[in-house]
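Morning, everyone. I have one structure for today, and I will keep it short. Please have a look at it first.

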Amino acid sequence: MPPAPPGRGAAPPEGARTELLVAATTDVHGRLRGWDYQTDRPDSARGLARAATVVDSLRAAHPGQVVLVDAGDLFQGNPLTYVAARVEPQPVHPVIAAMNVLRYDAATIGNHEFNYGVPAWERAMGQANFPFLAGNVIARDGAQRYPGVVTITRHGLRVAIIGATTPGSMVWDRANLAQDGITIRDIVPYVREAVARVRGTHDLVVVVLHSGLGGPSSYDQITSGAGPENVAGVVASDVPGVDLVVLGHSHREVVDSLVGSTLIVQPRHWAGSVAVARFGVTRVAGRWRIDTRRGESITLNRVRESPAVIAATLEAHERTVRWVRAPLGRTAVAWHSDSARVADVPIIDFMLEVMRRTAGADLAATAAFSLDAVFEPGPITMAQLAQLYPYDNTLRAIRVSGAQLRAYLEHSSRYYRTLQADGSAPAGGVVDTDVPGYNFDIVSGAEYVIDLARPIGQRVTTLRWNGRDIAGTDSFTLALNNYRAEGGGGFSMLSGARTVYDEGRDIRDLLVEEIRRVGTLDPRAYAKQNWRLEPATGVSLGLEAVTRARGAEGRGASTVPPVSDEPRGARR
C-alpha cells in the first residue's frame, strides 16, 4: 500500500513511493446509459453509467490517487443529445449531470461541442463542476476563450492537465464559431508553450487532446486556412516534458503506447472503455520521479451501471425514448440500406430527392451513413429515421462545374481499392478501411458509372445529364450537407464553390416533414437507378466487404473520426 499523504504543508519523506492513476474517456457522443436509441433496445457494452462503476472501483482501490479526464465530443451524436439540445432542453444538460456524478477533474472541448451553437454549448459548460479546457481557442479580443491548464493535487503530487482541441472546427462549424468571434489555433505551438510554463512547478504533465494520433487532415488545410487536424503523435514526440497524452477524435483505441518517455492512451469511443494510465513515482532529492508507466484498457461490456448516473439521467432518457418511438408515417414494404454502397437503393434515393427538391437543385449528394437502417412494413418511427440519418447536418446547395462533379465522384470512389488485373480483390480487400464509409458519397440527378478495375482518378467512365455527356465547363447546382459543402472529408474540389441555398434547415427534419406529408411512404415515388459499379466481380466483392464492415462500424455508426470519425456534418 502507498504511504499516507503527508499532513498539510509537510513535504513527503525521501524515498516515499506512491502511484497515480489517470482514468480517461473520450468521444462519448451522448452514450450515457445502456440504451441504443436508434434501435430502441438495450446496449450492454457502453455508457458513462458503466464507466462510473469502473471509476468508483478505481477510487476505492486507490484512494486519493485517481484523476479522471475526458478528451471531448460529448454533446452531439445520438438522439438523447439532440432531444436535450433541440426538442426538450432541461435545466441541467444530461451529459453534464452524468459527468458531475462521475466527478471528472477536467475535460477537453471536442469539435462536436460547437454543433448546436456556442451559446448552447457554453450554457451547458457552465453547469459543470469541473473545467472544460481548450487553450488554443481564442476569443474575438485575442484572449483565451477557455482555460487551457488546470492543476490537480493527488497524494502529494501536483498534476498539470493541459487541454487543446482540433482546429478542424474552423471548417466544420465555421458559421457557429464566426458568430461568436472564435478562432481555433494550431495545437502544437500552444501545447509547447503551456508545457514549458508548468513543467518546473508540477510533478506530472498530462496533455488531453481532442485530436487524432496522426495522418492527414480530413480537410484541405491550404484552402481552409485551418491548422492540422491530428497532431497527438507530434505532441508526444516533439514537445519535451509531457508525461502522458490522452487523445480522442479518431475513434481508435490506443492502450499502452510509448513515444520516448511519453505514454499515450486513447479510450474506445461511445464510452466503450475506460483507459487507465498508471504512474509509479518515488520521492528523490525533494522531487517526485516517475519510475514506471503503463496503460491499460478496461472494457465496459456487461459492467453494472451506476445507480447514481441512472438516476441523474432518468428524465432525459424517458424524454428521448418517447421521442424516438413517435410514429411519423407508414410504409407497406421493407426498405433497406445494407447494400447502399454497392447499388442504387430506394432508401438513399428518398433522402436525395428530399434534399434536391427542398434546395431546388439539379443534383443531390449524400453518404449511406448506416448500413443497418431499415423501414419495416408498418409504422416508421423517429428511431428508424435517426438510424438512417444519425447526424444533425443542415442542407446547403452549391454551384459546381462538370469538372468539379467528376472530381467529386472520383474522390468518393477512393472507398474502394482497385481490382487486380484478373478481377480479384487486391491485398487488404476491395474496401479501403482507411476511408470511412461516410466519405463514399452517392449523387442523384446525373447518370454515372464507377469502374473499380481502373485506377483512382480515372474511374468515372460514364457521366451524363439528361442523356448527354457532361462537359467540364457545364454548371450544376448540388444539394449536400454543410459538412461536405465546407470540404469536409477531403473534398477540396468544392473549395470556393458558391452557395446558392442555405436556410440552416436540418436534413433529418426535412425527412420527417416528407414522411408526415406523404403519410404512407412508397419507394416507387423516389427510386431511380442512376449509378452503378463495374465490373460485376467488383460489385460482388464490394458487397461482401461492405457486409463485413457493418459489424466493425456498429449499429448505425459510420466512423470517426471520422468521423467523424467526424463537425456538424458527416462526422465521427
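Which residue follows H12, and what is the sign of its phi? The residue after H12 is Gly-360, and its phi is positive, near 65 degrees. Before going on, note that this is a predicted model.

Now H12 itself. The helix has 14 residues, and at 1.5 Å a residue it should span 20 Å; the C-alpha atoms at its two ends are 20 Å apart, so the expected span and the model agree. Buried residues in H12 are Ile-347, Ile-348, Asp-349, Phe-350, Met-351, Leu-352, Val-354, Met-355 and Ala-359.

That leads to the core. The largest nonpolar core has 128 residues, and those touching the most other members are Leu-48, Phe-132, Tyr-146, Phe-350 and Tyr-416. H12, residues 346-359, supplies the largest share of this core, eight residues.

Take Phe-132 as an example. Leaving aside residues up to four places away in sequence, Phe-132 touches Leu-74, Phe-75, Ile-96, Met-99, Ala-107, Thr-108, Ile-109, Trp-121, Met-125, Tyr-146 and Pro-147. There is also a second core, separate, with 27 residues, among them Ala-24, Leu-204, Val-265 and Ala-275.

Last, a cavity. What is the volume of the second largest one? About 50 Å³. Its lining is made up of Gln-38, Gln-76, Gly-77, Asn-78, Pro-79, Tyr-82, Ala-386, Pro-390, Asp-392 and Arg-508. Sorted by class, that lining has four nonpolar, four polar and two charged residues.

That is all I have; questions are welcome.

How values were computed. Residues are numbered from 1 along each chain as its sequence is written. This is a predicted model: local features need pLDDT of at least 70, side-chain atom pairs count only at pLDDT 80 or more; totals for chains, interfaces and linings use all residues. Side-chain values use heavy atoms; hydrogens and water are left out. A nonpolar core is a set of buried Ala, Val, Leu, Ile, Met, Phe, Trp, Tyr and Cys residues joined through side-chain atoms within 4.5 Å. Buried means under 20% relative accessible area, exposed over 50%, partly exposed in between (1.4 Å probe, protein chains only). Helices (H or I, at least four residues) and strands (E, at least two) are DSSP runs, numbered from the N terminus. Contact means heavy atoms within 4.5 Å. On a 1 Å grid over the protein atoms alone, a cavity is a set of points where a 1.4 Å probe fits but cannot get out, and a pocket is an open set with protein on both sides within 12 Å along at least five of seven lines; lining residues have an atom within 4 Å of a point. Grid points are joined across faces, edges and corners, and a volume is the space filled by probe spheres set on the points. Ala, Val, Leu, Ile, Met, Phe, Trp, Tyr, Cys and Pro count as nonpolar, Asp, Glu, Lys and Arg as charged, and the others, Gly among them, as polar. The expected span of a helix is 1.5 Å times one less than its number of residues.
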